Amino acid sequence: MISARLTIDPHFVVGPINRRLFGSFVEHLGRCVYDGIYEPTHPRADDSGFRTDVIDLVKELGVATIRYPGGNFVSGYRWEDGVGPRAERPRRLDLAWHSTETNEVGLDDFAQWSRTVGSELMYAVNLGTRGVQEALDVLEYANHRSGTALSDQRVANGATEPHNVRMWCLGNEMDGPWQLGHGTARDYARLASKTARAMRQVDPDLELVVCGSSGAQMPTFGTWERVVLEETYDDVDFISCHAYYEPVDDDYGSFLASAVDMDRFIDSVVATADHVKAVRGNDKTMRISFDEWNVWYQSRYRDVDKITSVDQWPVAPRLLEDSYSVMDAVVFGNLLISLIRHADRVTSASLAQLVNVIAPIMTEPGGDAWRQTTFFPFAVTSRLARGSALELKLESPTYETGMYGPVSVVDAVATFDGASGQTAVFLVNRSLDQDATVTVDISSLGPVSVGETYMIHDEDIHAANTFADQTRVQLRDNDSVDISSGTLTVSLPPVSWTAVTLR
Ligand code: AHR
């Protein structure tokens with residue numbers, strides 16, 4: 001039996017929780033858009049061809065922002081192909097995913113869908129095969145009210161109101177050799193700076209995200225961030241981070257500690273950004289947009305998914321359709337804990353992705369839509385993590401991992417919402433075989449009682465929700481939670497994630 005101790009004090013604030021921490025990502029990739037959110041022949045499609053069962057699940061998930069349209073896809077994308085009458089839109093080769101892009105869904109359609117699901121649209125421009133002019137064009141088309149060629153074109157296409165997109169990504173993963181238009185950090189940064197300055201001539205209040213590294217394992221990590229920020233510090237508001245995790249050689253101990261890597265990644269990018277800030281004598285503090293994060297079984301499916309034949313360019317192939325287990329959901333819940341812990345600097349994040357492609361929501365053409373295990377920690381955390389993130393005092397035994405050295409068995413974060421007086425605590429037990437009892441000093445919260453409790457745990461850590469068994473894994477209560485004399489105790493079974501609210 002493992003014992004851990006926590007102290008929660010609402011006076012020790014890390015920073016306010018920005019709702020944009022609970023964002024997601026829709027890319028034109030595999031069946032995320034086509035046969036995912038959009039399937040005009042589905043019995044539950046609305047008049048615009050969007051599946052209403054998927055819309056209901058996205059609303060339940062509680063997604064604040066949605067990054068669109070890529071991803072690797074955006075680096076070869078011509079935004080204007082996706083607007084205007086559907087019948088006239090061109091079919092194009094999508095080089096990123098070796099597919100055919102039909103362009104049935106584009107900016108206006110997706111902006112309308114985003115409004116329907118109640119999420120803010122975050123738009124990425126193509127800095128792979130394109131540059132300043134095309135970024136200005138899509139900005140004018142999207143946001144200018146009317147009276148110019150491009151804005152009047154949008155109005156004529158049926159979108160009478162501007163889309164008013166506030167957050168714009170300046171390309172995607174431009175550090176990656178797989179990316180169309182990949183180059184050196186200096187080359188990319190100069191293009192990003194020019195694009196940002198031009199876009200600000202249209203609207204100085206846009207919020208702009210420059211590309212950081214596509215992973216902390218990239219050989220250029222650290223240097224890339226420094227060089228990019230040296231060139232763009234005055235022009236942008238955010239630098240991006242991307243991270244995906246999977247078990248390597250069944251080393252579940254390391255996999256369960258993936259959030260340790262995310263913590264270190266964020267801390268490194270913060271340190272690099274603050275170095276550039278100091279050198280430049282700049283007052284502005286750079287924020288992080290963690291705009292791709294998830295569990296992704298890249299090595300398991302890499303060769304299965306790959307389409308390479310010069311004659312093979314399928315429409316909406318099944319790509320990156322990972323099935324998520326209970327253990328994956330626990331790691332995933334812990335990644336959310338890491339993001340919240342850094343709420344002072346990470347003020348935007350996007351779970352990659354939303355539907356079918358490494359996603360919390362799965363669909364079958366003409367059939368059902370269902371929740372993967374990862375749906376649950378996201379939906380609960382997005383709903384309950386309100387107000388400010390708190391700095392916790394955590395004392396936990398450690399265990400040795402192959403990848404990260406000694407790490408805490410228990411990890412946790414708490415939030416406090418001054419408006420409602422509600423505290424929420426999120427905890428994980430990373431042990432594969434032992435229960436953990438956590439004793440929490442909540443004396444500084446005053447008299448409180450237990451509100452809601454939720455847990456992800458199963459005797460079978462590999463249990464998953466599938467088409468055949470869509471509700472195998474569900475949220476459970478954690479009925480061990482008890483409060484007495486200013487102390488809360490909670491038991492966490494092995495490989496589990498728990499959320500508790502205090503009123
Ligand atoms: O999310 C899947 C892919 O992962 C994205 O297209 C790319 O940006 C990243 O490498």
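Are F265 and F290 buried or exposed? In this predicted model, both residues are buried. Their ring centres lie 5.6 Å apart. The planes meet at 80°, and planes over 60 degrees apart count as edge-to-face, so this pair falls into that class. The contact links distant parts of the chain. F265 belongs to helix α8, which spans residues 258–280. F290 belongs to strand β11, which covers residues 287–295. The two positions are 25 residues apart.

Aromatic pairing recurs in the structure, with 17 pairs in total. One of them joins Y188 and W224. Here the rings are stacked, at 5.8 Å centre to centre, with 15° between the planes. Y188 sits in helix α5 (residues 185–202), whereas W224 sits in helix α6 (residues 223–232). The pair therefore ties together parts that are 36 residues apart in sequence. Both partners fall under the 20% limit for burial. Y188 has a relative accessible area of 4%, so this residue is buried. W224 has a value of 3%, so this residue is buried too.

Aromatic residues also gather in a cluster. Its members are Y34, Y38, F50, Y68, F110, W113, Y123 and W168.

Arginine side chains provide another kind of ring contact. R67 lies over the face of F25, at 4.6 Å from the ring centre. R371 is placed over the face of F375, with a distance of 5.5 Å from the ring centre.

Key. Residues are numbered from 1 along each chain as its sequence is written. This is a predicted model: local features need pLDDT of at least 70, side-chain atom pairs count only at pLDDT 80 or more; totals for chains, interfaces and linings use all residues. Side-chain values use heavy atoms; hydrogens and water are left out. Rings of Phe, Tyr and Trp (its six-membered ring) pair if their centres lie within 6.5 Å; planes under 30 degrees apart count as stacked, over 60 as edge-to-face and the rest as tilted. Helices (H or I, at least four residues) and strands (E, at least two) are DSSP runs, numbered from the N terminus. Buried means under 20% relative accessible area, exposed over 50%, partly exposed in between (1.4 Å probe, protein chains only). A charge sits over a ring if NZ of Lys or CZ of Arg is within 6 Å of the ring centre and within 35 degrees of the ring normal.
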